Amino acid sequence: MSHAQSRGGGAVAEVAVIGAGVHGASAAFHLARRGLDVVVFEQGRPAGGPTGRSSGICRAYYTQPFLARVAHDSIAFLAQFAEHTGGADAGFVRTGGLYLHGPDDVADARRTAATLVDLGIDVETLDADEAARRFPGIDVGGGTGIGPGPDGGGAFGPGAAGRGGQVAIAVREEQAGYADPYRTTWGFVTAARAHGALVHTNARVVRIAETPGQVELTTADGITHRARRLLLAAGPWTAPLAAQLGVTLPLHAERHVVTVLGPASNPASGAGTDADANADPGVIIDVAGGYYAAPQPDGGWLLGGLDSTPPVDPDTTPAPVRDAEFAQLAEAALRRRPGRPDEVRPQPRAQSRTRAGGWSAFYDVSPDWQPVIGQITDRVWVDAGTSGHGFKLAPVLGDHVAGLLAGEQPAPGLAAFSPGRFTAGDPLTAGFGTARILG
Ligand SMILES: Cc1cc2nc3c(=O)[nH]c(=O)nc-3n(C[C@H](O)[C@H](O)[C@H](O)COP(=O)(O)OP(=O)(O)OC[C@H]3O[C@@H](n4cnc5c(N)ncnc54)[C@H](O)[C@@H]3O)c2cc1C
């Protein structure tokens, strides 16, 4: 039964959304709470794609001011998720964040921090000595970056292997933390439904076509649904869908891994604990070292890389985490945090933590590693290409996207993310050096 049939009278939905990752779910929620008639098509389950594999790190430390503001507001949204969604819990945990940069980034990190402070975002810069004093469990010295892999190249992109690791400047953000992407997405879906949205799961859209006055979507069961406007929020599958409308989006998919390093096995001896619990840095984005680490409730760490990887076909299955990938990430993280300053390092901490899991997933990447948001035909809009840093943007970016589909005046700054920026020769900058994932 089509959406129109399910509502009776041959009605056409005002907005259809393809994809119930965190972006489609957030946009659907913001559309539905505006009173629009929304129908969502998700080929699997909400958060069943890349969103459900996200590390969920939430920080406002962005080089791009519009996204910094969106991230800052989204973190506040996640922290008050129940109030916004009528009771859902995004699992937000505020840990603080520490961003470590090498000598080449000093000027850019200072400039970024100053811009963020001007925007009202609470960050401070620390020189290396100050960072070491504040966070004594951190080794700010060199030789702590991701080393080359067995083939000499490493699995974390050309910029990662052989990074020196020396910290020249650190940036501290107290409001950073992590949230649960799965619960966040389901929270949006549940709240969207409460506002009247229809969310079809196991409903793969196989064909889209624009006709005068409406968009037609045919699902795998052969049923054709109709809507006045369409949002493509299909992650790595967005570009193939847009191609059906004759629109080329320069998005590609990349495989990225998350490994889990378990909690310290012998915390009583001190190895594996931070020198001072109050000085736990929380989330670490180690630009100098080429990886990130997100603390987990059990004391473990999620670890991932910061650099781009080769393009892949999103319709294949991502290869599981390789032993060499785990070893590179774990060693870099353990060299950076060898344990208490009075311990012989790096062995005590390294030996006290073991591999506790991990996964691999695809995400969609744009040429400048920034989101691709805007109108691509008369009746079709896109929100994709969030390039490995889009989870924490979704709560408030979804509101901006909903505004576009509702015909509202866009926020200043949103136009910079237009899909047309690449052909217009106006790409954005992102991140620091090859670590463009910082956005
Ligand atoms: C390993 C990893 C770690 C990450 N870590 C972080 C992090 O720490 N912090 C952060 O902010 N971001 C992080 N990200 C990025 C973040 O997860 C993504 O930016 C975000 O989840 C993208 O959400 P989305 O809704 O755009 O896309 P997706 O999650 O890709 O959702 C798209 C949905 O569309 C559906 N779909 C596709 N085609 C069709 C179709 N034809 N019909 C119906 N449904 C369809 C898919 O099934 C999928 O559910 C990470 C991502 C990964 C993979």
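These notebook entries cover the surroundings of the ligand and the packing of four helices.

**Entry 1: the model.** I worked throughout with a predicted model.

**Entry 2: residues around the ligand.** I began with the shell around the ligand and asked which of its 40 residues come nearest. I found these to be G19, G21, G49, G235 and G390. I then sorted the shell by class and noted 17 nonpolar, 19 polar and four charged residues.

**Entry 3: where the shell comes from.** I looked up which elements supply at least two residues of the shell. Among them I recorded helix 2 (22-33), strand 13 (252-261) and strand 18 (355-365). Helix 2 gives the largest share, three residues. I next asked why the ligand lies between two domains. Domain 1 (3-54 + 182-250 + 368-438) and domain 2 (97-174 + 253-365) both give residues to the shell, so the ligand is placed between them.

**Entry 4: helix 2 with helix 11.** As helix 2 had come up at the ligand, I turned to its packing. I recorded an angle of about 55 degrees between helix 2 and helix 11 (residues 394-405), with the axes 7 Å apart. That angle makes helix 2 oblique to helix 11. The crossing of helix 2 past helix 11 is right-handed. From helix 2, the contact is made by V22, H23, S26, A27, F29, H30 and L31. Helix 11 brings A394, P395, G398, D399, V401, A402 and L405 to that contact. By class, I noted nine nonpolar, four polar and one charged residues in the contact of helix 2 with helix 11.

**Entry 5: helix 2 with helix 7.** I then examined helix 7 (residues 181-194), which packs with helix 2 at an angle of about 30 degrees, the axes being 8 Å apart. Angles under 35 degrees count as roughly parallel, and helix 2 and helix 7 are therefore roughly parallel to each other. Helix 2 passes helix 7 in a left-handed crossing. On the side of helix 2 I listed V22, A25, S26, A28, F29 and A32. They meet P181, T184, T185, F188, V189, A191 and A192 in helix 7. The residues of the contact of helix 2 with helix 7 are 10 nonpolar, three polar and no charged.

**Entry 6: helix 3 with helix 11.** Finally I returned to helix 11 and asked at what angle helix 3 (residues 65-79) packs with it. The angle is about 110 degrees, with the axes 7 Å apart. Helix 3 and helix 11 are therefore roughly perpendicular to each other. V70, D73, S74, F77 and L78 of helix 3 make the contact with A394, P395, V396 and L397 of helix 11. I counted the contact of helix 3 with helix 11 as seven nonpolar, one polar and one charged residues.

Note on methods
Residues numbered from 1 in each chain as written. Predicted model: local features only at pLDDT ≥ 70, side-chain atom pairs only at ≥ 80, totals over all residues. Near = placed C-beta within 6 Å. Helix = DSSP H or I, 4+ residues; strand = E, 2+ residues; numbered from the N terminus. Nonpolar A, V, L, I, M, F, W, Y, C, P; charged D, E, K, R; others polar. Domains from an automatic or database assignment. Axes fitted to C-alpha atoms, helices over the stretch in contact; angles between N-to-C directions. Parallel < 35°, antiparallel > 145°, perpendicular 65-115°, else oblique. Left-handed = near helix turned anticlockwise from the far one by under 90°. Contact = placed C-beta atoms within 7 Å.
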